[in-house]
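Open your viewer, switch to a cartoon representation and keep the selection box handy. We will walk through the fold stop by stop, with something to select at each one.

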Amino acid sequence: MKKVNIILFGIGNVGSTLINQLLNAKEQWEKNSGVSISIPVIANSTKALFTTEGISENWQEEFKSKAKNYKLEDILDFTRTNDLENLIGIDATASKEFASIYIRLIQNGFNLVAANKVANTLSSDFYKEIRKELDYHGKYFYYETNVGAGLPIVQTVQDLYQSGEKVTKIRGVFSGSLSFIFNTFSENQEEFSDVLKKAGTLGYTEPDAREDLSGNDVGRKLLILARELELDKEFQEVKIQSLIPEKLNGKTTAEEFQQRLGELDEIFSKHKNEQEQGNVLRYIGEIEVASASLEAKLISEPKNTALGQIKGADNIFEIYTESYGDQPLVIQGAGAGAAVTARGIAGDVLKLSQRLN
């Protein structure tokens, strides 16, 4: 039995769902894969729970009563003192600063799994430095959930490219939140502002919906896939169409923006009404490999196409290659939600565990 020790950073919606999924899957993994998992450390931004025997199903109560303030060095000392082998550090945070410690973790014996997209969308120099450290220390870094939550997008693009297949274009709906918003808005007679509020209530958007409407999240996902194809691009080179009018951006607070959502209605009603009959609105990402162009934009798409027929918060990806020609490889499924994202992380943990000596 191969024992794997998981150090989890981030115990919010995704992190807490992941813990419960891993604990529930423990016996199945041991039986079917020969992998025994233990989670000796879980941490949020300020406190960490340390337990040599691994957390139990009562981890939430234990965290409240026993977690203590920590520094990264405390976690590194704990793993060394207890001689923890097969270390996997999981970044389930949304922190922009956390990526700065990735290299320290790798240098201290950690493999990495990340739902957080930041590390893979910083400068290409930092991106290459992480890969250099991974190679030098013989460690692995998995991040399937960076692009399609639980969908196998990153792995598929990696497999195609590494096998020698020429990928010519990737096109699709990359955002579960924007998918829900435009699927609902295109089908119903609701005002855009009401659809946006509904998306927030269901947990599909960030607390400040401008994070979603900016298109930056789609841009980051495009950059991640482009770098898998060895396109040497920076985030600033991604052409992104923001859906936020200038008057509602800038110095407007999140609360003020929420109060002024009605100002979006006329803009998006115009987009909707100017379409050809039978078309629907979709916010898509597109990579043209030959020209190395990356673009995120709002389009009008015929309802009977692959992108036009999606429902709910689904993501859909069309991967065009030399061998597939005009018939792309299509991957579609749930693109948002803690459960599917956590399941994608768990899948990465299992795949990584099976590669460890």
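Which handedness does the crossing of α8 and α13 have? Before you rotate the view to find out, keep in mind that you are looking at a predicted model.

**Stop 1: two helices**

Select residues 176-187 for helix α8 and residues 265-273 for helix α13. Two packed helices are described by the angle between their axes and the distance between the axes. Here the axes come within 11 Å and cross at roughly 65 degrees. Since angles from 65 to 115 degrees count as roughly perpendicular, that makes α8 roughly perpendicular to α13. As for the opening question, the crossing of α8 and α13 is right-handed.

Now show side chains at the contact. From α8, pick F182, F185 and S186; they meet F268, S269 and K272 of α13. Coloured by class, the contact of α8 with α13 shows 3 nonpolar, 2 polar and 1 charged residues.

**Stop 2: a serine in α8**

Stay in helix α8 and select S179. Is S179 buried or exposed? With a relative accessible area of 2%, S179 is buried, because the cut-off for that label is under 20%. Leaving out residues up to four places away in sequence, S179 touches V173, I310, G312, A313 and D314. For a distance label, try the C-alpha atoms of S179 and Y283: the two residues are 104 apart along the chain, yet these atoms are separated by 7.2 Å.

**Stop 3: the six-stranded sheet**

Next, bring up the open sheet of 6 strands, whose order is β9-β11-β10-β8-β12-β13 and whose pairing is mixed. Its edge strands, β9 (239-240) and β13 (329-334), each pair on one side only.

Zoom in on strand β8, residues 167-173, which pairs with β10 in the antiparallel sense over 4 bridges. K169 is a good residue to click on here, with E288 of β10 as its bridge partner. Then turn the sheet to find α7, which lies across β8, β12 (314-321) and β13. The direction of α7 is at about 5 degrees to β12.

**Stop 4: β10, β11 and their turn**

How many bridges join β10 to β11? Count along the pair and you should reach 10, with the two strands running antiparallel. One bridge to label is that of E286, whose partner in β11 is E295. Colour by accessibility and β10 appears mostly covered, with 9 of its 10 residues buried.

Follow the chain into the loop between β10 (279-288) and β11 (293-302), where A292 sits. This hairpin has 4 residues between the strands. A292 is not a glycine, but its phi is positive, at about 55 degrees.

**Stop 5: another alanine with positive phi**

Most residues other than glycine have a negative phi, and most peptide bonds are trans. Select A149 for another exception: this residue is not a glycine either, and its phi is positive at about 55 degrees. Look for A149 in the loop between α6 (145-148) and α7 (153-162). At 5% relative accessibility, A149 counts as buried.

**Stop 6: β1 and β2**

Finish by selecting strand β1, residues 2-9, which runs parallel to β2 and is joined to it by 7 bridges. N5 has S38 of β2 as its bridge partner. Strand β2 covers residues 35-43, and 9 of its 9 residues are buried.

Terms used: Residues are numbered from 1 along each chain as its sequence is written. This is a predicted model: local features need pLDDT of at least 70, side-chain atom pairs count only at pLDDT 80 or more; totals for chains, interfaces and linings use all residues. Side-chain values use heavy atoms; hydrogens and water are left out. Axes are lines fitted to C-alpha atoms, for helices over the stretch in contact, and angles run from 0 to 180 degrees between N-to-C directions. Angles under 35 degrees count as roughly parallel, over 145 as roughly antiparallel, 65 to 115 as roughly perpendicular and the rest as oblique. A crossing is left-handed if the near helix is turned anticlockwise from the far one by less than a right angle, and right-handed if clockwise. Contact means heavy atoms within 4.5 Å. Ala, Val, Leu, Ile, Met, Phe, Trp, Tyr, Cys and Pro count as nonpolar, Asp, Glu, Lys and Arg as charged, and the others, Gly among them, as polar. Buried means under 20% relative accessible area, exposed over 50%, partly exposed in between (1.4 Å probe, protein chains only). Two strands pair if DSSP finds at least two bridges between them.
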